[in-house]
Number of protein chains: 2
Amino acid sequence: MREWKAEIIAVGTELLLGQIANTNAQWISQQLADYGIHVYYHGVVGDNLERVKSVFEDANKRSDLIFVTGGLGPTDDDLTREAFAAITNKTIKEDTVTMDKIEQYFVKANRQMTPNNRKQAHVFEDAYVFQNPVGMAPGMYVETTTARWIFMPGVPREMKSLMTEGVLPYLKQQLQLNTVIKSRMLRFIGIGESQLEHDLKQIIDHQSNPTIAPLAQEGEVALRLSAKAANDQEANRLIDETEKEILNRVGQYFYGYDEVSIQQQLVNVLNAKSQSIAAAESLTGGKFVEGLVSIPGASSVVQGGVVCYAPSVKQNVLNVPKEILEQFGTVSQECANELARNVCSLLNATIGISFTGVAGPDKVEGKDVGRVHISIFHASGKLISEKFDFQGDREAIRTRTVKKGYELLYTFVKNL
Amino acid sequence: MREWKAEIIAVGTELLLGQIANTNAQWISQQLADYGIHVYYHGVVGDNLERVKSVFEDANKRSDLIFVTGGLGPTDDDLTREAFAAITNKTIKEDTVTMDKIEQYFVKANRQMTPNNRKQAHVFEDAYVFQNPVGMAPGMYVETTTARWIFMPGVPREMKSLMTEGVLPYLKQQLQLNTVIKSRMLRFIGIGESQLEHDLKQIIDHQSNPTIAPLAQEGEVALRLSAKAANDQEANRLIDETEKEILNRVGQYFYGYDEVSIQQQLVNVLNAKSQSIAAAESLTGGKFVEGLVSIPGASSVVQGGVVCYAPSVKQNVLNVPKEILEQFGTVSQECANELARNVCSLLNATIGISFTGVAGPDKVEGKDVGRVHISIFHASGKLISEKFDFQGDREAIRTRTVKKGYELLYTFVKNL
C-alpha cells in the first residue's frame with residue numbers, strides 16, 4: 001500500500017485568537033490513524049488570502065493528502081476556495097443541488113436570500129462533491145498534479161458528518177486503503193516513565209511493527225502499541241507478541257488496556273472479590289471516593305466515606321484517640337491506621353482506606369508539605385500503611401495522593 | 001509599537017495521532033491577544049528530526065516571534081532542542097539550577113536517576129532561561145538573526161505556569177509592549193448566558209472599547225471586558241466605567257473577578273461570617289467538599305463531610321430515620337433535610353448541606369435520572385431545600401449538582 005503523507009489545515013482567524021481550540025484536527029487525525037494514514041502536519045492560518053495561499057502552496061509540495069477545514073461560508077472573509085483557485089488555476093462553478101437547498105431554506109424560513117449566500121454553493125469544476133447532510137456548504141475532493149485535497153466546512157458537526165458519511169468511504173475506495181492499523185494501549189501504575197523506558201529499552205529500540213510509544217500521565221504511564229498489517233487478525237497477532245514480551249519484564253505494574261482507568265479496574269476487582277470500601281479522607285477532601293463514584297456501578301462496592309478535614313472530625317466522628325493525636329499528630333502513621341480501621345467499621349465496609357498529610361501551602365505539626373500517610377485496613381485485621389513525600393503544589397500533592405491510593409488499594413485487593 | 005508576527009508550533013506525535021487537542025496554542029493565542037500581538041500561524045509537527053527542522057526553518061523565515069511547545073522531555077523522541085540547534089548552529093549546555101533540581105527530585109523520591117533525565121536540563125548557551133515552577137524542563141528565550149524564539153514544555157500546566165510567571169513579563173519588557181490591553185473578567189452565577197446577553201444587549205452592542213465578550217462555563221457565565229489604552233490607568237478607567245453600567249443591570253448575579261472561583265468566594269464569605277460547613281454527599285460522592293478543600297485556607301471553614309453513598313450510611317452514620325427512607329426514599333426532600341441537619345450536628349459545624357439524587361445511568365426508586373435534592377441547614381434552625389431536574393450524563397449531572405450547591409450556599413451565607 002502507498003504511504004500517504006497527510007496534512008490537516010484549518011482556516012479561520014477565530015482559531016488564531018484562541019477563541020476555540022482546533023478540535024477538528026484532532027478528530028480527523030483519529031479517523032485517519034484508524035485507516036493507517038499518517039498525519040505529518042497540522043496547520044492553522046487566518047482569513048487572509050495571501051497567507052492561506054502560501055500555506056496551501058507549502059502543503060501541496062510536502063504532503064500528498066491534504067484536509068482543509070473552514071473558510072467555505074458565505075461571508076467575505078471565507079477565502080478557502082479563492083486561495084486554492086489562485087494557486088491551481090481551477091475554475092469555480094455553482095453546485096445546483098446545494099443552490100436548490102439554499103434557496104429552499106430561505107423560502108421555508110420566509111427570509112430574503114442575500115446574494116453572498118450563493119457563495120456556499122461554489123465548488124471546483126473538477127471536484128467530487130459531498131453533499132452536506134447537516135449544513136449548507138458541501139465538501140469536495142479534488143486533485144492537483146502532486147496531491148489530493150479534501151475541503152470541508154469548519155463547523156465540527158458538519159465536518160464530522162461529511163467525513164463519516166461521505167469523505168471516508170470515498171477515500172477508502174479511491175486510495176485503496178487495504179492496510180489495517182490497530183492500536184492497543186497498555187496501562188501501568190507504580191512505575192515512572194523513565195524507568196519503564198529504561199526497562200524496555202531493548203524492546204523499544206528493536207521494534208518497528210508494532211511501534212511502541214510511551215505516554216506519561218498523572219501518576220501513571222501508558223504504552224501505545226500500533227501495528228500495521230494486511231488484516232485485523234495479523235495486526236492483533238503482532239501486538240499480542242510484543243505485549244507478551246513487555247509484560248514479561250514489567251507485568252507487575254500493568255493494570256489494564258486502552259481507555260480503562262485505574263478506578264474502573266479497582267471497582268472491578270472489588271466486585272470480583274466481593275469487597276466493599278469506605279474511605280477516611282483528610283487532605284484529599286473527598287477526591288478519592290469521588291473518583292470511584294464517577295464509575296457507573298460503583299454503588300455495589302463503595303459504601304462512602306468520611307471527609308475528616310478538621311481534627312475534631314477525626315476525633316469525634318472517626319474516634320481517633322486523643323492520645324494518638326497529641327502524641328503523634330494528625331499527620332502520622334498511627335492516626336492513619338486508626339482512621340482506616342474506624343471508617344471501615346463505622347461504614348460497615350470490608351476495607352477502610354485513609355489519607356492524612358500536608359497538602360500545603362504551609363507545614364502542619366512541623367511536617368513538610370508533601371508528607372502523606374496512607375493506610376489500608378481489612379476487616380480480617382490485615383493492615384498496611386505507607387509514608388510518602390510528594391512533590392508539587394497543593395493540587396498536585398492531592399492528586400498524587402489519590403492516585404497512589406488507587407494503586408495501593410488495587411494491589412491490596414488483587415492479593416486478597 | 002512594532003507589529004509582531006507571531007507563530008505557535010507544537011511538537012509531538014500524540015497531537016498528530018489525535019490523542020490530545022492542541023489546547024496550548026489556543027491558550028497562548030489568548031494571552032498574546034491581550035498584549036496586542038497578532039498570531040498568524042499555528043503548526044503541529046511530530047517527533048521527527050527532519051520535519052521539526054523544516055517547520056522551524058519556515059517559521060524562522062515568515063514570523064518574528066515564535067512559540068514552541070513540547071519536545072523538551074527526557075526521552076529519545078524529544079527532539080526540539082536538537083532540531084533548533086541543527087538549523088541555527090547553537091550550542092547546548094547543561095543548566096545547573098535545573099540539574100540540581102532533577103538530582104534532588106530523585107534523591108527525595110528515593111529512585112535511581114536514569115541518564116536520559118539529564119537531557120531535561122539542556123539549554124541553548126545564549127538562551128535566557130525561565131525556571132519551571134511546576135516541572136523539570138525549563139523554558140527558554142533565544143534569538144536568531146531574523147526571529148525571537150520561546151521554548152516551553154508541552155504539559156499544559158507547566159507551559160501556563162512558565163508563560164504567566166516568566167515568559168510574558170520578560171517579553172513585555174524585551175519587546176517594549178507599550179500599548180496596554182487590559183482584560184477583566186466579571187463572573188456571574190445563577191443567570192444563563194442568553195439571559196445575561198439579553199439583559200445587556202444595549203451595552204454590548206454600543207461598546208467597542210472595552211469590548212465585552214460573554215463566555216459560558218459549566219453552570220456559570222463570565223463577561224470578559226478588554227480595553228486598549230496608552231497605559232494601565234486609562235485602560236482600567238475604561239473598564240471601570242463599563243463594569244459599573246453592567247453591574248447596575250445584573251449586579252445581583254455577580255460573584256467575583258478574573259480567575260476567582262465560586263468555591264473561593266464561598267470560603268471567603270464563610271470566613272467573613274464566621275461560619276463552618278459540613279456536607280452530606282450521596283450522588284456527588286465527595287465532589288462538593290473536594291472542591292472547597294482545593295482552596296488553600298479552606299481548613300478554617302470546612303469541617304469535612306460524610307459521603308453517604310450507600311443507603312445504610314445515610315441511616316446508620318447520618319441517622320436518617322428508617323421511616324423517612326421507607327416512605328419517601330433516599331432521593332427526597334425529606335431525606336435531604338435530615339442529611340443536612342444531621343451532618344451539621346455530627347461534624348459540629350454551623351451549616352450542613354446535603355446532596356441526594358439520581359446521577360444515572362438508571363432510575364432510582366422510580367425517580368428519573370437528573371432528579372436532585374439539595375438542602376441547607378443552619379444551626380439556628382433555618383432550613384432551605386430545592387429540587388432540580390438536571391440534564392446530561394452521569395458526570396454532567398454530578399458536576400451541575402455541585403455547582404448549584406456552591407451557588408445556593410453562597411447566596412445563603414451572604415444573606416445570613
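## A buried pair across the chains

Both B:Arg398 and A:Glu290 are buried. These two residues meet in a salt bridge, with their closest N and O atoms 2.5 Å apart. B:Arg398 belongs to helix α15 (residues 394–414) of chain B, while A:Glu290 belongs to helix α11 (residues 287–293) of chain A, so the pair joins two chains. Side chains of opposite charge can pair when their charged atoms come close. Please keep in mind as you read on that this is a predicted model.

## Where chain A meets chain B

Let's step back to the whole interface. On one side, 69 residues of chain A are in contact with 66 residues of chain B. Between them the two chains bury about 5,200 Å², and 53% of that area is on carbon and sulfur atoms.

Six salt bridges are counted between chain A and chain B. One of the salt bridges in the model pairs A:Asp393 with B:Arg157, whose closest N and O atoms are 3.6 Å apart. The two chains also share 23 residue pairs in polar contact, with both residues at pLDDT 80 or more. On the side of chain A that touches chain B, strand β2 (residues 38–45) of chain A gives the most, with seven residues.

## A histidine in strand β2

A:His42 is found in this strand of chain A. With a relative accessible area of 7%, A:His42 is buried, because buried means under 20%. Its side chain makes a polar contact of 2.8 Å with the side chain of A:Ser29.

Who are the neighbours that A:His42 touches? Leaving aside residues up to four places away in sequence, A:His42 touches A:Ile8, A:Ala25, A:Gln26 and A:Ser29 in chain A, together with B:Leu15, B:Leu16, B:His42, B:Gly43 and B:Val44 in chain B.

## Helix α9 and its two faces

Now to a helix of chain A. Helix α9 (residues 232–250) has 19 residues, and its first and last C-alpha atoms are 26 Å apart, close to the 27 Å expected. Its buried residues are A:Ala235, A:Leu238, A:Ile239, A:Thr242, A:Glu243, A:Ile246 and A:Val250. They cover an arc of only 130° around the axis, which puts them on the same side of α9(A). The cover over these buried residues includes β9 (180–189), α7 (193–199), α8 (201–205), β10 (211–217), β11 (220–229) and β12 (254–257) of chain A.

The face turned away from the buried side of α9(A) carries the exposed residues A:Gln233, A:Lys244 and A:Asn248. At the N-terminal end, A:Asn231 acts as a cap for α9(A): one of its side-chain oxygens lies 3.2 Å from the backbone nitrogen of A:Gln233.

The helix also holds a salt bridge between the side chains of A:Arg237 and A:Glu234, at 3.0 Å from N to O. These partners are three residues apart in helix α9 of chain A, so about one helical turn separates them. A:Arg237 is partly exposed, with a relative accessible area of 38%, and A:Glu234 is also partly exposed, at 29%.

## More salt bridges

Over all chains, the structure holds 50 salt bridges. Among them, the side chains of A:Arg371 and A:Asp389 meet at 3.1 Å, N to O. This pair links distant parts of the chain, with A:Arg371 in strand β16 (residues 371–378) and A:Asp389 in strand β17 (residues 383–389), 18 residues apart. A:Asp389 counts as partly exposed, at 33% relative accessibility.

Salt bridges that share partners also join A:Arg187, A:Glu220, A:Glu259 and A:Lys403 into one network.

How values were computed:
Residues are numbered from 1 along each chain as its sequence is written. Chains are lettered from A and ligands numbered from 1 in the order in which they are written. This is a predicted model: local features need pLDDT of at least 70, side-chain atom pairs count only at pLDDT 80 or more; totals for chains, interfaces and linings use all residues. Side-chain values use heavy atoms; hydrogens and water are left out. Helices (H or I, at least four residues) and strands (E, at least two) are DSSP runs, numbered from the N terminus. The expected span of a helix is 1.5 Å times one less than its number of residues. Buried means under 20% relative accessible area, exposed over 50%, partly exposed in between (1.4 Å probe, protein chains only). The arc is that of the directions from the helix axis to the C-beta atoms. Contact means heavy atoms within 4.5 Å. A polar contact is a pair of N or O atoms within 3.5 Å; within protein, one must be able to donate a hydrogen and the other to accept it, and residues adjacent in sequence count only if both atoms are side-chain atoms. Buried area is the accessible area (1.4 Å probe) that two parts lose on being put together, summed over both. A salt bridge is a side-chain nitrogen of Lys or Arg within 4 Å of a carboxyl oxygen of Asp or Glu.
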